[in-house]
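The following exercises concern one protein chain and are to be worked with its sequence and its three-dimensional model at hand. Each task is followed by a solution in steps.

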Amino acid sequence: MSDWRAKLAGLNEQLQAQERAEGERKAAVLKGFRRRLEELKPVVEEARAFGEAFGVDLAFHISRFDERYPYLELTILRPRLQYRVECRDGVIAERLKEGEAPIAERRVTLEDLSVKAFEQRLTGWVRTAAEANRRLPWRGR
């Protein structure tokens, strides 16, 4: 009779250890993501300044540090681009909509959001927008 109780207690301890480990992993991802948002803020501000020099209307918003689900949202008006990356329950997901294309969603890691990689993507988007704005027929040279 006590054999099943010992097994049940062992399973309970194992389950609690797994839940604790999962909670610690989620907390570590959240902490790393918040830190990464702070690192990406100067990159986005610099891209906005660069874009303004070439007529690119770029807006961004970084959530407050204490929000439950932190995010970075970025919008370029012409050509239309919407980008959002957020951390929910230990999972970092990004959503990208370019022009009339359907929304592309994927899971990313903190390594995918490295400052250098994000800066390269953002610079590419701003350059594409600057080129598109330069080719508008009503804009004089």
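**Exercise 1: The sheet**

E4 and E5 run antiparallel and are joined by five bridges. The model to which this and every later statement refers is a predicted one.

Task. Determine in which order the strands form the sheet, and which strands stand at the edges.

Solution.

Step 1. Begin with the pair already named: within it, Arg95 has Glu105 of E5 as its bridge partner.

Step 2. Move to E3 and E4, which are antiparallel and joined by eight bridges. Cys87 has its bridge partner, Ile92, in E4.

Step 3. Continue to E2 and E3, an antiparallel pair with six bridges. Here Tyr71 is matched with Glu86 of E3 as its bridge partner.

Step 4. Assemble the whole: five strands form an open sheet with antiparallel pairing, in the order E1-E2-E3-E4-E5. E1 and E5 (104-108) each have a single partner strand, so they stand at the edges and one side of each has no neighbour in the sheet. From one strand to the next, the twist averages 10 degrees.

**Exercise 2: The helices against the sheet**

Task. State which strands H1 touches, and at what angle H2 runs to E2.

Solution.

Step 1. H1 packs on the sheet and touches E1, E2, E3 and E4. The direction of H1 makes about 155 degrees with that of E1.

Step 2. H2 lies across E1, E2, E3, E4 and E5, and the angle at which H2 runs to E2 is about 20 degrees.

**Exercise 3: The nonpolar core**

Task. Identify the residues with the most contacts inside the largest nonpolar core, and the element that supplies the largest share of the core.

Solution.

Step 1. Recall a general tendency: in soluble globular proteins, nonpolar side chains tend to be buried together.

Step 2. The largest nonpolar core has 28 residues, and Leu72, Tyr83, Phe118 and Leu122 have the most contacts inside it.

Step 3. At least two residues of this core come from each of H1 (2-53), E1 (58-62), E2 (71-76), E3 (81-88), E4 (91-98) and H2 (115-134). H1 gives the largest share, seven residues.

Step 4. Examine Leu72 as an example. Leaving aside residues up to four places away in sequence, its contacts include Leu37, Leu40, Val44, Phe60, Tyr83 and Phe118.

Step 5. Consider E3 as a whole: six of its eight residues are buried, and the strand is mostly covered.

**Exercise 4: Two hairpins and their loops**

Task. Find which peptide bond is cis, and which residue in the hairpin of E3 and E4 takes a positive phi.

Solution.

Step 1. Keep the general rule in mind: most residues other than glycine have a negative phi, and most peptide bonds are trans.

Step 2. E2 and E3 form a hairpin with four residues between them. Pro79 is in the loop between these strands, and the peptide bond from Arg78 to Pro79 is cis, with omega near -10 degrees.

Step 3. Arg80 is also placed in the loop between E2 and E3. Its relative accessible area is 39%, which means that Arg80 is partly exposed. Among the residues that Arg80 touches are Thr75, Lys97 and Glu98.

Step 4. The hairpin of E3 and E4 has two residues between the strands, and Asp89 takes a positive phi there, near 55 degrees. Asp89 is partly exposed because its relative accessible area, 46%, lies between the limits of 20% and 50%.

**Exercise 5: Aromatic rings**

Task. How many aromatic pairs does a search of the whole structure find, and are Tyr83 and Trp125 buried or exposed?

Solution.

Step 1. The search finds three aromatic pairs. One of them is the tilted pair of Phe50 and Phe54, 5.0 Å centre to centre, with 50 degrees between the planes. Phe50 is partly exposed at 34% relative accessible area, and Phe54 is partly exposed at 49%.

Step 2. Tyr83 and Trp125 also form a tilted pair, 5.2 Å centre to centre, with 50 degrees between the planes. This pair links distant parts of the chain, since Tyr83 in E3 and Trp125 in H2 are 42 residues apart.

Step 3. Apply the limit of under 20% for a buried residue. Tyr83, at 1% relative accessibility, is therefore buried, and Trp125, at 12%, is likewise buried.

Step 4. Ring pairs join Tyr83, Phe118 and Trp125 into a cluster.

Conventions:
Residues numbered from 1 in each chain as written. Predicted model: local features only at pLDDT ≥ 70, side-chain atom pairs only at ≥ 80, totals over all residues. Heavy atoms only, no water. Core = buried A, V, L, I, M, F, W, Y, C linked by side-chain atoms within 4.5 Å. Buried < 20%, exposed > 50% of the residue type's maximum accessible area, 1.4 Å probe, protein only. Contact = heavy atoms within 4.5 Å. Pairing = 2+ DSSP bridges. Axes fitted to C-alpha atoms, helices over the stretch in contact; angles between N-to-C directions. Phe/Tyr/Trp six-rings, centres within 6.5 Å; stacked < 30°, edge-to-face > 60°.
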